[in-house]
Amino acid sequence: MSRPAEAIDFIDDPTPLPHGGELKDLYLAGDAAAALRKRSAALPGWDLDARQLCDLELLLNGAFSPLEGFLGREDYEHVLSDLRLADGTLWPIPITLGVTEAFAATLGLGDEIALRDNQGVPLAVLTLQSLYRPDRETEARAVFGTLDRSHPGVADLLDRTHPVYLGGRLQGIQPPAHFDFRALRESPRELREWLARQGWRETVAFQTRNPMHRAHRELTLRAAEQTGARLLIQPVVGRTKPGDVDHFTRVRCYQALLAHYPKNHAKLSLLPLAMRMAGPREALWHAIIRKNYGATHFIVGRDHAGPGRDAAGVPFYEPFAAQELLARHQDELGIRIVPFPAMVYAANRDSYLPATDVGSDDRVEDLSGTELRRRLQTGEEIPAWFTYPEIATILRERHPAGARRGFTLFFTGLSGAGKSTLAEAVIARLLESSARQITLLDGDDVRKHLSRGLGFSREDRSANVRRIGWVAAEVTRHGGIAICAPIAPYADDRGEVRRLVEQHGSFVEVHVATPIEVCEARDRKGLYAQARAGRIPQFTGVSDPYEAPAAPELRLDTAGTTPHALADAVLAFLAERGLAG
Ligand SMILES: Nc1ncnc2c1ncn2[C@@H]1O[C@H](COP(=O)(O)OS(=O)(=O)O)[C@@H](OP(=O)(O)O)[C@H]1O
Ligand SMILES: Nc1ncnc2c1ncn2[C@@H]1O[C@H](COP(=O)(O)OP(=O)(O)O)[C@@H](O)[C@H]1O
């Protein structure tokens, strides 16, 4: 190509400038990085949690341009109140580094802090320019619009974020290590270079945290057609909503889906972002990030980055609030927003169309995420109009149905309620008809090995129950059945066990709700008599609390019902859920 043509190409290049005008690259070059690594060993060190690690990676590689570090107080306050940094640049999500009071107490402004991964490897050094104690409720209201802890971003902020924020510039030593899908992990600079090499002048980016099915293919193809752009599928593989399909499985699905696009029209690249599920604010952030990666257009669909509904069944965000917010900022965003209605399947046409184009004669079919999960669990058919067979196979392998699917049956109740007896009866019945692997984690027995040395204080009971939960989650993950029978008196601990297990399979909580008078009358081990006489302190139900489950999958009272009949009830429930034959 001759020189003048090149010059014209350059002037014509529609690739947007990075946000703020310049792509940040906060990594030091070779020798300087090596020197800083050496020096960092003597600096105070902070071990980053999973969210902070994702944020650091995208700060260092420029995906969060124009940021040059974690936000100081002034920027933070502006982001909360007007979606801007202190200098007026649009920026909707606070990128903060929360640390403990104890760690903060060792620091002074101007100090350097080594930021390390979970193996203790130093990745960057932060020069402390701002140390502040945020009001996290104000932050939750501003960013998420709610204090409802059923919003995962709110729960993370209020319950799992440390109280002191450190702000300051970063100097990068090395990127966080990734061992998976390395060929699909481009930095903004690498992706910009790739797009330029391919001659992809216009690129429309698609964000997702879910497996992609036919509706997504139709939507992305239409968006590409409408804009005359090539397609960048850029799924989030950092942290998404708890309970989402893991990213390994999703990436296999995306790879399979790529074969269904016209050749050289779609590119898959992974984004190690920690999502906040902040709806409209998050959509704005996603658009800015995609601009930094060199995309010219960004697809915003229905309920973008929304966490669904609150406990009362009300959506956290209006379905099109994200599109509206982005439209308001379109001019200064520098990346074109491509709003899209939901795509739906019209069976009479055997094709997908935007929900807004559905006519009164159309017979629309839908399969929700919940319904898909149910079908995977039961092994029921997943229709070909919904997804491609390769993708259905990948999902089935990951979420085996029926007898190949792990689950945890968790009995909770007072001492003497009948937990162990019922657990034994259920195990015997399960083994009558299948060769499944079953692990029993009974209260008394666990305390002889896994929880040896623990007593009955609140902390010790918590530790005991969470250890049981940890093992149960592992058993579930491996496709086995864990049957647990501790007292587990605290709702918090049971909730944590549920959270651990549900990452891998079903959790069935059975409240063995035998009244205390009946347990006490049984008093098989003579413990109630001793507790009443004051010889056993902190005895559950007598001198220690039992928080009855509010919404267990099953509640059974053993008084007046035989263990056989109770086991029948449990097995019937498992059969109904597709967990046992
Ligand atoms: N203070 C006190 N409170 C309650 N229970 C007591 C206590 N001291 C000893 N035991 C015996 O320990 C069994 C309960 O242990 P768990 O591990 O199930 O309890 S917990 O879940 O950690 O609360 C429980 O067994 P089960 O009767 O099988 O439930 C009791 O036999
Ligand atoms: N359904 C039931 N009907 C009558 N007695 C029962 C029943 N289930 C358990 N029991 C009796 O109650 C006592 C306590 O049962 P156990 O299973 O050891 O309770 P936990 O494990 O909850 O402490 C035992 O003597 C047991 O035989």
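**Briefing: a three-stranded sheet and two ligand shells**

Alanine 346 stands opposite serine 351 in β13, a pairing that belongs to the antiparallel run of four bridges joining strand β12, residues 343-346, to β13. The model is a predicted one, and the points below take up the sheet around these strands and then the surroundings of ligand 1 and ligand 2.

Sheet and helix
- The sheet is open and has three strands in the order β13-β12-β14, with antiparallel pairing.
- Its edge strands are β13 (351-354) and β14 (364-365), each of which pairs on one side only.
- Helix α9, made up of residues 214-227, lies across β12 and β13 and runs at about 115° to β12.

Surroundings of ligand 1
- Around ligand 1 there are 21 residues, of which Ser415, Gly443, Arg461, Pro486 and Ile487 come nearest.
- Two or more residues of this shell come from each of the elements α16 (443-446) and α17 (458-477), and α17 gives the most, with three residues.
- By residue class, the shell around ligand 1 divides into nine nonpolar, seven polar and five charged residues.

Surroundings of ligand 2
- Ligand 2 is surrounded by 16 residues, and the closest are Gly418, Lys419, Ser420, Thr421 and Thr558.
- Helices α15 (419-433) and α21 (563-576) each supply at least two residues of the shell around ligand 2, with α15 giving the most, at three residues.
- The shell around ligand 2 consists of four nonpolar, nine polar and three charged residues.

Notes:
Residues numbered from 1 in each chain as written. Chains lettered and ligands numbered in written order. Predicted model: local features only at pLDDT ≥ 70, side-chain atom pairs only at ≥ 80, totals over all residues. Near = placed C-beta within 6 Å. Nonpolar A, V, L, I, M, F, W, Y, C, P; charged D, E, K, R; others polar. Pairing = 2+ DSSP bridges. Contact = placed C-beta atoms within 7 Å. Axes fitted to C-alpha atoms, helices over the stretch in contact; angles between N-to-C directions.
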